[in-house]
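Work through the exercises below with the model open. Each task is followed by a solution in steps.

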Amino acid sequence: MTTEQILVGLASVLAAAAPVMFAVIGETISERAGVINLSMNGTILLSAMGGFAVAMTSDSLLLGFLGGMVIGALVALVVAFSSITLHQSQVAVGFVLAIICRDLAYFLGNPYVAQSGPRLNTAPVPGLAAVPYLGTLLFNQTLVTYLSFGVILLAWLWIYKTRPGLMLQGIGERPAAAFVRGTNVNAMRYLYTILGGAIIGLAGPSYSLSVKAGWMGTISGLDGIGWIALAITIFGGWNPLRAAFGAYLFALLQWLGLVLQSSLPNVPSQVLQVAPFPLMILTLLLVNIGNAEWVARTLAALPAGPRRVVTRLLRALRASPPAALGVPFESE
Amino acid sequence: MDVELRDIHKTFGKVRANVGIRLHVPAGTIQGILGENGAGKSTLMKVLSGFIHADQGAILLDGRPVVIHSPADAIRAGIGMLHQDPLDFPPMRVIDNFVMARGGSLFPGRAAARRDLKKLAAQFGFALDPDAYVDSLTVGERQQLEIVRLLWLGARVLIFDEPTTGISAAQKERLFAALRLLADQDKTVLFVSHKLEDVEGLCDRVVVLRQGYLVGEARPPYTTRQLVEMMFGKAISIGKRVPCAVGETSLRLRNLSVEDYRLKVRGVNLAVRAGEVIGLAGMEGSGQGLFMRAVAGLLRTTGGRISLDGRNLTGRSHLVSKRHGVAFLPASRLEEGLVPGLDLTEHFVLAEKKGGFFIDWEGGRALAEERIAEFNIRGTPASHVEALSGGNQQRALLALLRVSLRLLLLEHPTRGLDIESTIYIWSKLKERCGQGTSILFVSSDLEEILQYSDRVLVFFNGRVSPPLEAAEMNTDRLGELIGGKGWPEEEWVEEMTADG
């Protein structure tokens, strides 16, 4: 492969990761506030179908994306209402929603299957696109991909650098402490769950109007993306930058699977297609392995030098979920 | 700020937590609020800090009525509360905890906040590292962080709910100095406690709550007897040390070693006789917890030998030692001891291990009723354990124990309990000693150690003293040892008895 081919390939990885990125960042924001939005897989399908339908009928890409966000926000509202106000299990409600939304997408999307609709074009950034290497990699992308870069950075800035973002961490960590600091915990949880849902809702149209343009019903190949995004959220340790790394890693593995197919003719293609999934699981294991007692005991037996290196590595990888994730809050 | 509470009423279901409470505290005063567990102190303070709403009543600040419906209202009015378990964010840094909740710009302005934090902390002699994570701080340091944080927010009334629970003696001294300084700065300090010595040593005036009513007031010089009578409605005395008659050696430890990733306890030799009480003293995390869990069979030992009544229990699990009459009551009652969400009957059914596939609910309820009466637990067979007060949870734990035990291991058996419950718990424990059960207990209360133990093991940073006769010790000497003073350079000369 030439350098140019590799660059174009990597650029396609960045583009292919954009929808997953929206899902992961949206989920990260929601879970930071303490609400698990498990409906993600269904939301992505429903917003992909809905976004495509809106864009096709109105002939407006913008409306298509907005439609996706509205769908995402509405599904998140159901999750928020049933868990925050009705005190129902977030896991049960989210799981059922995931299935309902998927089937709704297939059912309602029937008239739009294999129709031709609008598609987002690449928008090279004037000036920057001509920069060697970086131009091809970063600045010859669609608006959606640029937006995905922006969302990562904004989410990271918000959570770690702003005052409301600090409180967002606090709400997911210890709602009672946030409450005594004068925060309306449940209102904030509603807000962030719906905001996160709207961002997740961008994932669907990003597929159906850009990355995998069109709506193909049950063979769209989108089923399962939401669950992967959920795993990446955990891998990312609820930190947008780490989550972004996870999403890119996943897209890269998928791309490698395609590329290696031609150079490894002896390996069945199914192996390469499926490989990213167990690799993701393995990474997840590595992230949390530092918490296990037997690891600590094994480490203690190592000589001091290597032990320090391994311990530091494990600590850097380790991430703990927001302590109040999935726990309803009620002031007395 | 001058604080006045008028006719505060609050009921939870059938429980009357506050009944018509009137209280007036002028600025610059340290007001003690004394009462046993469940007397309504915390409820009253949560009403003032906006954490809960009163059913009825008014709050006046500097003579003007204010409406406090949420903690946000309270902060705006200048009222801040330090909760018993500091309500902060453990996985976050000190500086982030500090700047949170202050309104204003989008960005926190950490640089300026850092300066303010240092200045405020220095004023009280607190050493707070802005970049440390809160979960690496002690409870005392977390309190210090809360104090400076509330002052930074502009609090002029500070409420302290049982602040001396779980902090070291040195930290208590520093806390009291800080409270006096606050009063000198004309702040109003409300100090909630069930510990007489704390209140007597600190407060300018005291009110006593009992079963939801404000039953009395006192000013210095206080007489302990009068305060106790107000708290309990009757006089109570702790009584003399009663050494138990001891029997044969039951538990024997030879060169016992145990360690975790940060602490090593090495070579403990001990022979405990039936009916003997051994107190384990030391600062929290000096190795007594490890030692206790090793003896219970919950932690693997790294060396040495444990035997009970001649039976080798080294390396056997807790299940095995339990079968041979060992019981362990951990400090965290709800996390390790009881099952939150289950009621008392269910606990007794679980603990009794009867045969048969189906549960004998009738029998379980009858047993629960019988034990509730015997152990004086305030609750019914259908009471959920998390709804019981700390003292009643501890009584329930004792009531759940098997009738005949050889060795009872207790961690902080009376932490957070009032005097009456403490005395009751120990009377029950001594009853067991009379039946030949040996007791090992961990406590941070020196008086309790000296009062109830026959011999004492002192832990300091993993080092363990030989067993010391409690009757020959006093709190000063014990306090020195706990703080690491007066330990011999070399190994302690063994003063073990012949049978060790």
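**Exercise 1.** Check the length of helix α4 (residues 90-108) of chain A against the span expected for its 19 residues.

*Solution.* The model is a predicted one. Step one: the expected span is 1.5 Å times one less than the number of residues, so the 19 residues of α4 in chain A should cover 27 Å. Step two: the C-alpha atoms at the two ends lie 26 Å apart, which agrees with that value.

**Exercise 2.** Determine which residues of α4(A) are buried and what covers them.

*Solution.* Step one: count a residue as buried if 20 or more other C-beta atoms lie within 10 Å of its own. In α4(A) this gives A:Gln90, A:Val93, A:Gly94, A:Leu97, A:Ala98, A:Cys101, A:Arg102 and A:Ala105. Step two: viewed down the axis of α4(A), these residues fall within an arc of 160°, so they line one face of the helix. Step three: on the other side of α4(A), A:Ala92, A:Ile99 and A:Phe107 are exposed. Step four: the cover over the buried residues includes α2 (40-58), α3 (61-85) and α11 (225-235) of chain A.

**Exercise 3.** Describe the side of chain A that touches chain B.

*Solution.* Step one: 19 residues of chain A are in contact with 18 residues of chain B. Step two: α7 (163-173), α8 (175-180) and α15 (293-301) of chain A each supply at least two residues of this side. Of the contributors, α7(A) gives the most, with six residues. Step three: by type, the residues of this side of chain A are eight nonpolar, five polar and six charged.

Notes. Residues are numbered from 1 along each chain as its sequence is written. Chains are lettered from A and ligands numbered from 1 in the order in which they are written. This is a predicted model: local features need pLDDT of at least 70, side-chain atom pairs count only at pLDDT 80 or more; totals for chains, interfaces and linings use all residues. Two residues are in contact if their C-beta atoms, placed from the backbone, lie within 7 Å. Helices (H or I, at least four residues) and strands (E, at least two) are DSSP runs, numbered from the N terminus. Ala, Val, Leu, Ile, Met, Phe, Trp, Tyr, Cys and Pro count as nonpolar, Asp, Glu, Lys and Arg as charged, and the others, Gly among them, as polar. A residue is buried if 20 or more other C-beta atoms lie within 10 Å of its own, exposed if 12 or fewer, and partly exposed in between; C-beta atoms are placed from the backbone. The arc is that of the directions from the helix axis to the C-beta atoms.
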